[in-house]
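Colleague: Before relying on the terms used for this model, I should like to see how each of them is justified. Please take me through the reasoning.

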Amino acid sequence: MSYRTTNSISSAGLALALFCFTGAVQADPLAEAAGEYRIEPSSHIGFRVEKVGRGYLAGDFSKFRGNFRIDGHDVGRSNVDFVVMPASVRTGEARMENFLRSDALFDVDAYPEIVFRSTSVRQTGPDSAIIEGDLTAHGRTNKAAFVATVGQRSGRDISFHVQGSISRSDYGMDAGQSIYSNQVEFDMQLQGSRG
Amino acid sequence: MLRNRDTSYGLVAITIHWTIAALFVGQMLLGLAPRWTHSMALQFTLIQWHKSFGFLILALAALRLAWALLNKWPRRPVAIERGEWLAAKTVQGSLYALMLVVPLTGWALVSTSTLDVPSFAFNMVVIPDLPMARSEATEDFWRVTHQWLAYATAVIATGHMLAALRHEFWLGDGVLKRMWPARRDERSGDQTKRRHTAARR
């Protein structure tokens with residue numbers, strides 16, 4: 001064969017191989033991950049609030065439930081439903097936990113659940129998305145947005161690192177604002193398992 | 001008028017004295033009030049105010065002590081016996097000490113508390129914690145100490161106040177007036193002499 005023919009066959013072959021390869025990589029993860037997931041109790045729902053001067057008040061919630069659905073064809077059609085029990089707050093200091101549960105903050109007797117229902121999911125990168133939705137806490141509902149990044153995937157399990165910041169005054173929980181920041185930073189590890 | 005004289009205190013000492021006295025009464029109320037409400041939000045607010053005024057009293061007490069060390073002290077009035085004078089100075093000295101120690105024990109209380117709530121005086125100045133280890137036991141110790149020293153101060157201050165009122169209304173010897181801004185025409189002269197003159201008339 002002439003030099004030119006060999007070259008064009010090689011180029012075509014290379015192009016075909018690339019097409020197949022990238023095509024396979026793009027279609028594979030989302031379709032594979034598609035399904036209904038239950039949020040496992042092994043998830044970590046952490047938060048922290050900055051304190052004036054120095055440091056943070058940090059803790060997590062030990063009781064929650066929820067599920068999320070990943071749409072195999074269109075990530076934007078995925079959704080999340082998540083409920084946290086604010087009475088399950090843990091900070092390592094019982095008096096602080098009691099204070100948070102009281103009507104000074106969460107008022108768990110009147111409002112035993114914090115509910116998040118997603119209204120949209122927007123993919124922002126190969127592994128990340130912004131999840132927007134309605135957050136209901138302390139009797140008020142506001143729009144909230146969280147950034148989710150895929151963690152590990154194996155078989156029926158998938159994990160997400162989810163972060164977001166909420167203004168507690170939007171929910172009428174503004175006690176101690178001069179000392180404890182109005183912004184509550186959420187840092188969560190959601191473990192989902194399907195099937 | 002600002003500085004102390006042989007026969008009376010100056011305006012600086014007088015102002016700090018009555019300011020601390022008023023703040024102390026307020027602090028006793030703020031310290032006890034959290035027990036009178038079930039609202040945890042209100043308790044939190046009351047305690048932050050209590051801490052703010054506590055640091056203010058500490059600053060004023062330190063100022064008062066520094067002023068006392070740099071100024072002359074009014075002399076023993078002729079009308080007061082040496083024994084009574086010694087008793088008065090002991091009580092007053094105790095109050096100087098307590099005015100410093102009580103807020104310091106409060107500072108130790110928040111510094112050792114496992115609650116780790118920052119001290120933000122009047123939402124203006126962050127007061128760092130004292131370098132002390134946090135534990136429930138240590139916090140309890142400082143809370144009890146702070147409380148009982150506060151009660152002791154209240155008792156001693158009440159005695160101090162009753163004694164002053166006795167001098168003013170029962171004995172009429174002008175001693176209380178030494179800790180009160182004088183009117184312009186009374187600025188000079190021994191006020192005890194003036195009082196006796198008035199009584200004799």
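Modeller: A salt bridge requires a side-chain nitrogen of Lys or Arg within 4 Å of a carboxyl oxygen of Asp or Glu. Please bear in mind throughout that this is a predicted model.

Colleague: What makes the meeting of A:Arg54 and B:Asp116 a salt bridge?

Modeller: The N to O distance between these side chains is 2.8 Å. The limit is 4 Å, and the pair joins an Arg nitrogen to an Asp oxygen, so the term applies. Between chain A and chain B the count is four salt bridges.

Colleague: Which element gives the largest share of the side of chain A that touches chain B?

Modeller: Helix H2 (residues 94–101) of chain A does, with four residues. By class, the side of chain A that touches chain B has six nonpolar, five polar and five charged residues.

Colleague: How many residues are in contact across this interface, and what area is buried?

Modeller: 16 residues of chain A are in contact with 17 residues of chain B. The buried area is about 1400 Å², and carbon and sulfur atoms give 65% of that area. Seven residue pairs are in polar contact across the interface.

Colleague: Why are strand S2 (residues 44–51) and strand S3 (residues 56–61) of chain A called paired?

Modeller: Pairing needs at least two bridges, and S2(A) and S3(A) have six, so they qualify; their sense is antiparallel. Within this pair, A:Glu50 stands opposite A:Tyr56. Four residues lie between the strands of the hairpin, where A:Gly53 takes a positive phi near 90°. S2(A) also pairs with strand S11 (residues 180–194) of chain A, in the antiparallel sense over seven bridges. There, A:Val49 has A:Val184 as its bridge partner.

Colleague: Which side chains of strand S4 (residues 64–70) of chain A are buried?

Modeller: A:Phe64, A:Gly66, A:Phe68 and A:Ile70 point to one face and are buried. A:Arg65, A:Asn67 and A:Arg69 point to the other face and are not buried. The cut-off is under 20% relative accessible area, so the first group falls below that value and the second does not.

Colleague: How do you know that S4(A) pairs with strand S1 (residues 35–39) of chain A?

Modeller: Four bridges join S1(A) and S4(A) in the antiparallel sense, and at least two are needed, so the pairing holds. A:Phe68, one of the buried residues, is the bridge partner of A:Tyr37. S4(A) is also joined by six bridges to strand S5 (residues 79–84) of chain A, which runs antiparallel to S4(A). In S5(A), A:Phe82 is the bridge partner of A:Gly66.

Technical notes. Residues numbered from 1 in each chain as written. Chains lettered and ligands numbered in written order. Predicted model: local features only at pLDDT ≥ 70, side-chain atom pairs only at ≥ 80, totals over all residues. Heavy atoms only, no water. Contact = heavy atoms within 4.5 Å. Buried area = accessible area lost by both parts, 1.4 Å probe. Polar contact = N/O pair within 3.5 Å; in protein donor to acceptor, adjacent residues only side chain to side chain. Nonpolar A, V, L, I, M, F, W, Y, C, P; charged D, E, K, R; others polar. Buried < 20%, exposed > 50% of the residue type's maximum accessible area, 1.4 Å probe, protein only.
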